[in-house]
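Subject: Structure handover

Hello,

Here is the structure I promised to pass on. My notes on it follow below.

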Amino acid sequence: MSGKSILKRIDWLTVLIYFLLVGIGWINIYSSTYSEEDKALLDFGTLYGKQLFFILISMFSIIVILGIEADFYERFSSIIYILSLVLLAGLFLFGKTIAGATSWYDLGFFNLQPSELAKVATALALAKYLCDIQTDIKRGKDQLYALLIILIPAALVIPQPDPGSALVFFALIFVLFREGLPLYYLSILLLVILVFISTLMFGTIWVGIILGIFIALFFLLKRKTFRIPVAPILIFFVVAIVFSLSVNFVFNNVFEQRHRDRFSLWLRLEKDPAKLEEIKKTIGYNTYQSEKAIESGGFFGKGFMEGTRTKGDFVPEQHTDYIFSTVGEEWGFLGTSVVVILFTVLFLRLVYLSERQKSSFSRMYGYGIISILLIHYFINIGMVIGVLPTIGIPLPFFSYGGSGLLFFTALLFIFLKLDSNRLNEWN
């Protein structure tokens with residue numbers, strides 16, 4: 001496909017949103033990292049200068065991605081996936097440790113984080129496997145193989161340790177549901193999460209009472225002609241109670257103290273005001289300061305470069321995982337609303353583009369990138385405003401980081417290339 005043809009067929013609305021997010025992100029990185037000693041806008045020794053360099057590299061990668069034939073990504077998806085696994089495994093021997101996590105290769109001018117490549121590779125490999133004519137997602141064997149494609153990179157990321165990135169891989173399970181995985185799997189997963197959280201907050205006795213009430217209402221409100229399988233319901237009730245009884249043991253003996261503190265802060269489990277205040281000042285310090293920064297911005301914000309908490313470095317790592325707090329303080333509710341709207345339009349547009357694909361591989365890959373971007377967005381924003389526990393994952397296209405921006409760009413523009421190829425074949 002010629003360059004001129006690509007320009008005609010690419011989805012420019014998605015491209016526009018991408019550039020707006022990257023641009024707004026860089027402006028806020030500049031504001032959160034600028035100091036009086038910094039003189040030049042193009043000083044690549046500064047964090048905002050490095051991010052600008054990463055943006056330029058990402059622009060070059062877009063040209064390369066769009067210039068490669070669309071069939072390449074499906075044909076070589078397995079090789080890309082295996083390469084990403086090799087790079088993940090190699091971290092245990094050659095990785096560089098930053099902030100306690102051995103997640104990077106030191107390339108001198110650039111720290112490469114292979115887990116970001118692995119997200120792209122896993123989305124490609126999963127789409128390739130699912131679109132195979134011999135794959136039937138309703139068969140247990142095929143479900144297991146698809147799950148293994150997701151689990152293997154996650155298992156290599158967890159020991160780094162990087163549980164945030166590992167969690168992102170599990171978001172790809174939603175691609176399986178889109179392609180026909182029985183919904184009772186999702187129901188079981190949601191029930192496990194609900195019972196776990198409810199047990200921590202209220203205890204097993206209340207969990208049993210609430211489940212008993214729901215089962216009783218189910219029996220009372222059922223149609224007379226509908227026969228209820230009593231044995232499976234009783235088994236479900238017993239299993240739920242047994243699982244609930246195990247929650248406190250897992251919480252106290254399997255989770256590390258920092259994890260327990262984060263759950264205690266998130267779910268307000270700690271009743272001792274002094275202990276809760278101590279947690280806020282230690283494990284919950286970032287979130288607490290982030291909330292205060294956003295709150296101080298009000299409706300219109302304090303103005304560009306005028307954020308007192310941002311300039312005072314109240315929020316640690318504000319240019320990375322907590323960059324959204326800069327938006328809240330300096331641009332206020334209006335600024336945060338613009339960012340949220342841009343992400344919302346992007347997700348809706350990607351759903352639309354995925355559904356119109358002629359190729360099942362393109363459709364599945366499209367839903368793969370939606371899953372990855374959405375969980376990053378949902379967890380990052382939730383973490384910054386304090387409604388979710390602290391999990392260290394960046395805001396796509398927005399947070400500081402070369403590997404993140406480069407591979408988020410690749411993730412998106414590979415799909416746009418596949419979409420442009422669909423239009424070419426249609427004509």
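**The sheet and its hairpins**

Strands E2 and E3 form a hairpin with 4 residues between them. In that turn, Gly 108 has a positive phi of about 90°. One caution before going on: this is a predicted model.

E2 and E3 are joined by 2 bridges and run antiparallel. Tyr 105 has Leu 112 in E3 as its bridge partner.

There is a second hairpin, made by E1 and E2, with 2 residues between the strands. Ala 99 sits in the turn, with a positive phi of about 55°. Here 3 bridges join E1 to E2, which covers residues 101-106, and the two run antiparallel. Lys 96 stands opposite Trp 104 in E2. Thr 97 stands opposite Thr 102, also in E2.

Put together, the 3 strands form an open sheet in the order E1-E2-E3, with antiparallel pairing. E1 (96-98) and E3 (111-112) are the edge strands, and each pairs on one side only. Helix H5 lies across E1 and E2. Its direction is at about 100° to E2.

**Helix H7**

H7 takes in residues 140-157. How far apart should the ends of its 18 residues be? At 1.5 Å a residue, the helix should span 26 Å. The end C-alpha atoms are 26 Å apart, so expectation and model agree.

H7 does bend, by about 25° at Ile 149. A proline, Pro 153, follows within four residues.

Several residues of H7 are buried, including Asp 142, Gln 143, Ile 149 and Pro 153. Ala 146, Ile 150, Ala 154, Leu 156 and Val 157 are buried in H7 too. What covers them? The cover includes H5 (77-94), H6 (114-130), H8 (163-170), H9 (173-178) and H10 (184-202).

Ser 115 lies in one of these helices, H6. Its relative accessibility is 1%, so Ser 115 counts as buried. Beyond its neighbours within four places in sequence, Ser 115 is in contact with Val 157 and Leu 88. Asp 162, Ser 165 and Phe 169 are also in contact with Ser 115.

**The nonpolar cores**

The largest nonpolar core has 100 residues. Which of them touch the most other members? They are Leu 126, Leu 130, Leu 350, Tyr 365, Phe 397 and Phe 413. Helix H18 (residues 360-384) gives this core its largest share, 14 residues. Apart from this core lies another, of 8 residues, among them Val 247, Phe 251, Phe 263 and Leu 267.

Two of the residues named for the largest core deserve a closer look.

- Phe 413: leaving aside neighbours within four places in sequence, this residue is in contact with Ile 10, Val 15, Tyr 18, Ile 62, Ile 65 and Leu 66.
- Phe 397: this residue is found in the loop between H18 and H19 (402-426). Phe 397 is buried, with a relative accessible area of 3%. Its phi is positive, about 70°, although Phe 397 is not a glycine. Most residues other than glycine have a negative phi.

**The two ends of helix H17**

H17 covers residues 323-355. Ile 323 lies in this helix, and so does Glu 355. Are these two buried or exposed?

Ile 323 has a relative accessibility of 0%, so this residue counts as buried. Not counting residues up to four places away in sequence, Ile 323 touches Asn 28, Ile 29, Ser 32 and Gln 318. Leu 395, Phe 398 and Ser 399 are touched by Ile 323 as well. Phe 398 is 75 residues from Ile 323 along the chain, yet their C-alpha atoms are separated by 7.5 Å.

Glu 355 is at 41% relative accessibility, so this residue counts as partly exposed. Glu 355 touches Arg 178 and Tyr 367, again not counting residues up to four places away in sequence. The C-alpha atoms of Glu 355 and Gly 366 are separated by 8.6 Å, with their positions 11 residues apart along the chain.

Best regards

Definitions and conventions:
Residues numbered from 1 in each chain as written. Predicted model: local features only at pLDDT ≥ 70, side-chain atom pairs only at ≥ 80, totals over all residues. Heavy atoms only, no water. Expected span 1.5 Å × (residues − 1). Bend = angle between axes of the 7 residues up to and from the residue. Buried < 20%, exposed > 50% of the residue type's maximum accessible area, 1.4 Å probe, protein only. Contact = heavy atoms within 4.5 Å. Core = buried A, V, L, I, M, F, W, Y, C linked by side-chain atoms within 4.5 Å. Pairing = 2+ DSSP bridges. Axes fitted to C-alpha atoms, helices over the stretch in contact; angles between N-to-C directions.
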